[in-house]
Amino acid sequence: MFDFGSKAAFPTVLLIDDDLVSREVMATVLAMSGYTVHTAAGGEESLELLAGGECVPSAILMDAQMPGLREPAD
């Protein structure tokens, strides 16, 4: 299933999900698989990570319903 002994270079991933359990389970699986993982609970937090230069991801995995980033109604 998983080869935890492999030390191949994996991309950095930004994982965004407002559900704590889902976020932590996915982050753990990715990290154990060799990925560098940054997490955020919502849109605003993820934008802060990206703007601050703390995280330069190769891939972003995110919840389809992103809290905090909806456009205001007219």
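**Helix H2 and an aromatic pair**

Visitor: Which residues of helix H2 (residues 43–51) are buried?

Guide: This is a predicted model, where local features need pLDDT of at least 70, side-chain atom pairs count only at pLDDT 80 or more, and totals for chains, interfaces and linings use all residues. Residues are numbered from 1 along each chain as its sequence is written, and side-chain values use heavy atoms, with hydrogens and water left out. Helices (H or I, at least four residues) and strands (E, at least two) are DSSP runs, numbered from the N terminus. With buried meaning under 20% relative accessible area, exposed over 50% and partly exposed in between (1.4 Å probe, protein chains only), the buried residues of H2 are Gly43, Ser46 and Leu49.

Visitor: What arc do the buried residues of H2 cover around the axis?

Guide: The arc is taken from the directions from the helix axis to the C-beta atoms. Gly43, Ser46 and Leu49 lie on the same side of H2, because their arc is only 125°.

Visitor: Which exposed residues does the opposite face of H2 carry?

Guide: This face is turned away from the buried side of H2. Its exposed residues are Glu44, Glu48 and Ala51.

Visitor: Are the rings of Phe10 and Tyr35 stacked, edge-to-face or tilted?

Guide: Rings of Phe, Tyr and Trp (its six-membered ring) pair if their centres lie within 6.5 Å; planes under 30 degrees apart count as stacked, over 60 as edge-to-face and the rest as tilted. The centres of Phe10 and Tyr35 are 4.7 Å apart and their planes stand at 50°, so the pair is tilted.
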